[in-house]
Amino acid sequence: MSSTTAAAKPRLTTSAMIASLAAPGQRTKPAPFGNALTALAAQNPDIVGLSADLAKYTDLHIFAKAYPERFYQMGMAEQLLMSTAAGLAREGAIPFATTYAVFAARRAYDFICLAIAEEKLNVKIICALPGLTTGYGPSHQATEDIAIFRGCPNLTIIDPCDAHEIEQAVPAIAAHQGPVYMRLLRGNVPLVLDEYGYKFQIGKAALLRDGAEALVISSGFMTMRALEAADLLAKDKVGAAVLHVPTIKPLDEAKIIEEAAKPGRIVVVAENHSIVGGLGEAVAGLLLRNGINPVFRQIALPDEFLDAGALPTLHERYGISAEAVARQIKGWL
Amino acid sequence: MNQISNVSLPTRAWRIRRNALRMGEVQGQGYIAQALGIADVLAVAYFHALTYRPEDPEWEGRDRFLLSIGHYAIALYAALIEAGVIPEDELETYGTDDSRLPMSGMAAYTPGMEITGGSLGHGLGIAVGFCLGLKRKNSKNFVYNLFSDGELNEGSTWEAAMAASHWKLDNLIAIVDVNDQQADGPSSAMSSREPLHDRFTAFGWHVERVDGNDIEAVVNAFDAARNLGEPKPRIIICDTKMAKGVKFLEEREMNHFLRVDADEWQKALEILDQGKPA
């Protein structure tokens, strides 16, 4: 003890600062949202960006640097952020408003609902730290954002998986007439779906992999985890299909019904969200309404305020790591 | 560009009050006192200050008038009818099924209604967005935002007040109706709003404070706000009297939502007509 020096002190391996979704050595792309928006803004002069003191943490700073005259820093005021975006949209701009998902969903909901969604205004709400993507604890973990926003009429909800999808989603949601809420992965974002020849379309689910024993229906980075889990399961001769559902609302009902109705598979919905009110319950309701009754399971965050800690620790603890996904599916077969 | 007309502003205000009373009678109750109180301000806004085309409410060159206080819709409908934006015969549909004139103002329902109000505390922030949007387009039009003293309770109003001066929004003219009544009673008993002039001055605004039922004073305040050379937002604080012009309604306590007996509507109209401007 007495012989330790400052330099010799080992770096902590369970720090809350460890917040990358990428596995060691995994391919990533930096700031896919910020770069895609900046590229798109060169073609579309109506695009403007706003942030509530989180441009740097939502990758919007890239746009702000390229187009300072089209960037509005609103300060730490999320209600103002959303109402200003509404006014700008009324005057013909296409505002991309960024903050953290907790602040949009919890603090600014009334403004998103009434000032933006009720008037079908062309505002794109782009929010970092969705679900469990930070170890800061409940103040920053938006575990119920989808549950809140699913209840809002007119609002399209996108939960992209990776950098490839975010790059494609940015021009798609800009071209879409109406309000959009998109969950954002920021910084060095894993690159996965390019290897599947995947193309993002609003409202479209995509079967990325087929399998005979389980159908995993997933959104966001849980699709990446589902694909990794499917690889693990394949080693045990278990076939898991992965249906990626990046648009939570409106749901691609036809595709989900088509895949879930195929006999002989359990249906598992995997999401980076509370078990209450997210994709799992949306799919469950859809299947029940249509008389489809497979063995149905959910991989989701518990209905609790979650712990603080390092992301890998928390993902394992709450069952959304690739290994935990594979383990759970195997247990259900 | 003022509306060229031989009709005096007091007559416009009297007609707005009349329209509002007739709408109130359709429902037998409602936000009559607010409409009567703000009628003079709306007369000045729509027949002195605003640029607009009654036949084309979406005309790009119009000044924007944002009603934050959704339940004041009855007052704005009354003014829009007088302005020729809404046909007078629609007045009888106020608040009824499938009417274009719902109880709380909504953009999608009514020509000339720029925003959906009613969730109080939204208007000023939305106005900031309108102002920035107009500046993007190099428009010289003004954005007017009518909100209430009750909305000064909302933190979002003050977020917007800070932002408006930060962005030097010289195309923003806010109008706050200080009638000292909210749903549960007097505004001043709920949250101390004064000194309001000093507060907005400290927030970086140009402030005019007038008796909102003194048409000449309101005209001067609007002119001062529009003609100010400084790069700052402007606010006209209008102290108004609830139910102004109908004495027996003015004297009712808790008149945020007035219930008026069937025979009293005619009486109210008669009292109003006795004060008809020459």
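# A tour of chain B, its contact with chain A, and the two domains of chain A

Begin by selecting chain B of this predicted model: its radius of gyration is 17 Å, which agrees with the value near 19 Å that a compact globule of 278 residues would have. With the C-alpha trace shown alone, chain B spans about 50 × 45 × 40 Å along its principal axes. Switch to a cartoon, and the secondary structure of chain B comes to 10 helices and 7 strands. If you colour by burial, 53% of the 278 residues of chain B count as buried. Among the contacts in chain B with a separation of 6 or more, 75% are accounted for by residues 24 or more positions apart.

**The sheet of chain B**

Next, select the strands of chain B that run in the order S2-S3-S4-S6-S5, where 5 strands form an open sheet with parallel pairing. Its edges are strand S2 (64-67) and strand S5 (206-211) of chain B, each of which pairs on one side only. Looking across the sheet, you will find neighbouring strands turned by 20 degrees against each other on average, direction ignored.

Stay at the S5 edge and add strand S6 (residues 234-239) of chain B, which pairs with S5(B) in the parallel sense over 6 bridges. Within this pair, which residue of S6(B) stands opposite B:His206? Labelling the residues shows that the partner in S6(B) is B:Arg234. Now bring in helix H8 (residues 215-227) of chain B, which packs on the sheet and touches strand S4 (172-178), S5 and S6 of chain B. The direction of H8 makes about 170 degrees with that of S5(B).

**Where chain B meets chain A**

Display both chains and select the residues in contact between them: 20 residues of chain B are in contact with 21 residues of chain A. On the chain B side, the elements that give two or more residues are helix H4 (123-136) and helix H5 (155-166) of chain B. Of the elements on this side, H4(B) gives the most, with 10 residues. Colouring the side of chain B that touches chain A by residue class gives 10 nonpolar, 7 polar and 3 charged residues.

**The two domains of chain A**

Hide chain B and colour chain A by its domain assignment, which gives domain 1 (28-190) and domain 2 (203-332). Taken over C-alpha atoms, the centres of domain 1 and domain 2 of chain A are separated by 25 Å. Between them, 25 residues of domain 1 of chain A are in contact with 28 residues of domain 2 of chain A. On the domain 1 side, two or more residues each come from helix H6 (145-150) and strand S6 (156-158) of chain A. By class, this side of domain 1 of chain A has 13 nonpolar, 6 polar and 6 charged residues.

**A last stop at A:Ala212**

Finally, centre the view on A:Ala212, in the loop between strand S9 (206-209) and strand S10 (214-218) of chain A. Is A:Ala212 buried or exposed? A:Ala212 counts as exposed, because 12 C-beta neighbours lie inside 10 Å and a residue with 12 or fewer is classed in that way. Leaving aside residues up to four places away in sequence, A:Ala212 touches A:Gly239, A:Gly264 and A:Arg265. Draw a distance from C-alpha to C-alpha between A:Ala212 and A:Gly239, and the two residues, 27 apart in sequence, prove to be 5.1 Å apart in space.

Terms used. Residues numbered from 1 in each chain as written. Chains lettered and ligands numbered in written order. Predicted model: local features only at pLDDT ≥ 70, side-chain atom pairs only at ≥ 80, totals over all residues. Contact = placed C-beta atoms within 7 Å. Helix = DSSP H or I, 4+ residues; strand = E, 2+ residues; numbered from the N terminus. Nonpolar A, V, L, I, M, F, W, Y, C, P; charged D, E, K, R; others polar. Pairing = 2+ DSSP bridges. Axes fitted to C-alpha atoms, helices over the stretch in contact; angles between N-to-C directions. Domains from an automatic or database assignment. Buried ≥ 20, exposed ≤ 12 C-beta atoms within 10 Å, placed from the backbone. Rg over C-alpha atoms; globule rule 2.2 N^0.38 Å.
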